[in-house]
Amino acid sequence: MATVPIEHGLILAAILFAIGTIGVIVRRNIFFMLLSIEIMLNAAGLAFVSAGSLWGQPDGQIMFIFILTMAAAEVSIGLALIIQLYQRYHTLDVDASSEMRG
Amino acid sequence: MNASDLLALLPLIILAGTSVVVIIAIAFYRNYRLTVFLTLAGMVGSFLSLPFALSVQPRQVTPLLIVDGTTVFYIGLVLTTSFVVVLLSYQYFRDYDGNREEYYLLLILATLGSGVLVASNHFAAFFLGIEVLSVSLYALIAYPRYDRRRVEASIKYLILAGATSAFLLFGMALIYSVGGTLEFSSLAKAASLSPGMNNVLLIGWGMLIVGIGFKLALVPFHMWTPDVYQGAPAPITGFVATVSKGGVFALILRYFSQVPIYDVPSLWWVFAAIAIASMLLGNMLALMQTNVKRVLAYSSISHLGYLLIAFLSRGTEAQNAAAFYLVAYFATTLAGFGVITMLSDHENELEDLDSYRGLFWKRPGLALVFSAALLSLAGLPPSAGLVGKIFVAAAGVNSALWLLLIVLVIASVIGVFYYFRIMISLYRSPEADEERTISAPSLSMIGSVTLAVLVLLVVGLGIYPAPVMGIISRLITGLS
């Protein structure tokens with residue numbers, strides 16, 4: 001069985017990561033920003049899995065499970081904050097909540 | 001896992017156990033005083049177990065964590081700082097209408113995250129520690145959620161911290177793909193593997209620096225700092241400035257303990273550039289602020305820049321200097337934010353520079369504490385900040401880092417301006433219209449004792465630093 005070269009996995013991960021980063025920077029809707037962060041985190045997870053398979057170790061996959069767990073925790077707090085944001089500002093646009101400057 | 005492993009991890013286990021005890025206590029009997037008491041008891045218990053951990057050190061506990069003198073010292077520092085933050089929070093949240101008890105639960109968890117960070121010797125432990133710390137902080141920053149600015153600060157922190165965590169993880173994955181192990185020793189392995197620079201490794205380190213730079217609020221990753229400092233409740237701002245940054249700084253000291261950073265010139269120069277930018281930009285931006293919390297935010301950026309000089313120097317003296325600087329900086333920052341906390345409650349924070357005008361004539365005690373903190377931040381005698389700066393500068397002189405030292409001197413001179421601007425306004429005669437000036441609750445017993453101890457520490461360390469330096473060199477030197 002032909003194996004996938006490590007470079008391919010890392011390059012795919014890098015492309016996903018770039019998409020996520022651009023999403024965080026360009027999007028102004030808080031939902032899409034959280035989604036973009038998820039894409040970045042999963043790209044890092046993919047990089048871990050490919051690196052783990054290169055060395056034949058389970059470590060990469062274990063890190064991926066950690067990343068999933070942490071992403072879930074982060075999103076649960078993120079969603080709670082989104083509810084608060086909506087109640088205070090009646091919009092999901094993050095630019096609306098930018099009162100502190102200087 | 002045998003008995004000595006458990007003994008080595010006892011401080012962290014007690015802290016984790018405390019969080020479980022507190023959550024059960026809240027479920028069955030919701031009482032503010034009881035929760036605070038349990039939190040403080042858990043922290044004291046954890047602190048008292050440090051000698052047991054010290055008796056079995058140095059010990060690698062599973063591949064993830066290492067317990068040695070350095071770990072014990074920094075866990076002790078983190079615990080003491082969190083203890084003070086709990087004491088400061090007591091009055092701040094006493095009259096809060098919502099559920100007040102979970103705040104302390106989150107504070108314990110954040111402390112645990114920082115404790116794991118300083119003990120970690122593996123990327124998995126690094127990641128878990130930093131996430132336990134930051135996820136707790138998201139909730140802590142937005143804790144008094146009826147205020148829009150808290151929510152705003154927390155969302156800004158959440159988005160940026162989430163994105164930089166992804167950078168950190170991607171960097172770890174790239175380093176792993178070159179080094180073949182997630183342990184911190186992979187750095188040594190990867191560096192010996194490729195003396196000519198490996199591109200994947202360089203990108204990985206670059207991404208790691210983004211993550212670390214964000215957590216330490218170094219220029220150019222400092223954008224979140226002023227907003228989060230201003231928006232977070234004052235005790236939590238103190239916590240972000242001390243425990244969260246101290247944990248990460250102890251971690252990078254350990255990460256680069258096997259391959260000294262000056263043996264990797266490209267990395268050394270990146271960190272040197274970051275240090276110079278942080279020192280200069282932090283101090284210059286602080287000049288333009290009219291909000292005391294934002295001034296302290298920019299001041300913390302420049303202080304982390306000073307600290308990087310110790311990190312970039314060689315020898316154990318530099319490690320001791322960094323540890324002492326952290327102690328001095330923690331005590332000073334806590335005293336500063338302690339005063340702001342005492343003048344605020346969860347609804348109204350006294351943060352406008354104008355409203356501090358004439359503080360001395362109404363609250364002489366608080367004004368004197370604040371003056372001591374500002375003197376120490378500016379690095380003037382007799383204060384801990386001066387001694388810390390001398391130690392850091394001495395470490396820099398030993399390694400002949402002249403460029404960094406010149407910047408240190410210039411930045412300190414700029415810093416004196418804005419610290420003095422605050423200090424002068426403390427002693428000016430109060431304004432005629434009293435409305436928007438100080439109307440804070442009267443000082444509680446706990447608050448005044450805490451502040452008194454802190455100010456004694458700040459001045460005491462400036463006059464007689466030998467005992468603390470003795471503890472530091474006994475724990476850190478020879479055992480690292």
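**Entry 1: Met172(B)**

I began with the surroundings of Met172(B) in this predicted model. Leaving out residues up to four places away in sequence, I found that Met172(B) touches Phe123(B), Phe126(B), Phe127(B) and Leu208(B) within chain B, and Phe48(A) and Met63(A) of chain A. The neighbours of Met172(B) thus come from both chains.

**Entry 2: The nonpolar core**

I next looked up the largest nonpolar core, which holds 213 residues. Which of them touch the most other members? I noted Met172(B) again, together with Tyr74(B), Phe126(B), Phe249(B), Phe311(B) and Leu404(B). Helix α8 of chain B, residues 148-179, gives the most to this core, with 18 residues. I added a general remark: in soluble globular proteins, nonpolar side chains tend to be buried together.

**Entry 3: Val22(B)**

I then turned to Val22(B), which lies in helix α2 of chain B, residues 10-28. Is Val22(B) buried or exposed? The relative accessible area of Val22(B) is 1%, so I recorded the residue as buried. Setting aside neighbours within four places in sequence, I listed Thr35(B), Leu38(B), Thr39(B), Leu105(B) and Ile108(B) as its contacts. I also checked a pair of positions: Val22(B) and Gly415(B) are separated by 393 residues in sequence and, from C-alpha to C-alpha, by 42 Å in space.

**Entry 4: Ser46(B)**

My next residue was Ser46(B), found in helix α3 of chain B, residues 32-48. Why does Ser46(B) count as buried? Its relative accessibility is 0%, and buried means under 20%, so Ser46(B) falls in that class. Apart from neighbours within four places in sequence, I found Ser46(B) in contact with Pro11(B), Ile14(B), Leu15(B) and Leu79(B).

**Entry 5: Chain B as a whole**

I then considered chain B in full. I recorded 21 helices and two strands as its secondary structure. Along the principal axes, the C-alpha trace of chain B spans about 70 × 55 × 40 Å. How does its radius of gyration stand against that of a compact globule? A compact globule with 480 residues would have a value near 23 Å, and chain B has 21 Å, so I noted agreement.

Of the 480 residues of chain B, 64% count as buried. Among contacts in chain B with a separation of 6 or more, 81% join residues 24 or more positions apart. I put the exposed area of chain B at about 16,200 Å², of which carbon and sulfur atoms supply 70%. Chain B carries 25 positive and 23 negative charges, and I found their mean positions to be 3 Å apart.

**Entry 6: Chain A as a whole**

Last, I looked up chain A. Its secondary structure comes to three helices and zero strands, and I wrote the order from the N terminus as α-α-α. The C-alpha atoms of chain A fill a box of roughly 55 × 25 × 25 Å along the principal axes. The radius of gyration of chain A is 17 Å, whereas a compact globule of 102 residues would be near 13 Å.

I noted that 41% of the 102 residues of chain A count as buried. For contacts in chain A with a separation of 6 or more, residues 24 or more positions apart account for 54%. Chain A exposes about 5,500 Å², and carbon and sulfur atoms supply 70% of that area. How far apart are the mean positions of the 4 positive and 7 negative charges of chain A? I recorded 13 Å.

How values were computed. Residues numbered from 1 in each chain as written. Chains lettered and ligands numbered in written order. Predicted model: local features only at pLDDT ≥ 70, side-chain atom pairs only at ≥ 80, totals over all residues. Heavy atoms only, no water. Helix = DSSP H or I, 4+ residues; strand = E, 2+ residues; numbered from the N terminus. Rg over C-alpha atoms; globule rule 2.2 N^0.38 Å. Buried < 20%, exposed > 50% of the residue type's maximum accessible area, 1.4 Å probe, protein only. Contact = heavy atoms within 4.5 Å. Areas by Shrake-Rupley, 256 points an atom, 1.4 Å probe, with all protein chains shown as cover. Lys, Arg positive; Asp, Glu negative; His and termini not counted. Charge placed at Lys NZ, Arg CZ, Asp CG, Glu CD. Core = buried A, V, L, I, M, F, W, Y, C linked by side-chain atoms within 4.5 Å.
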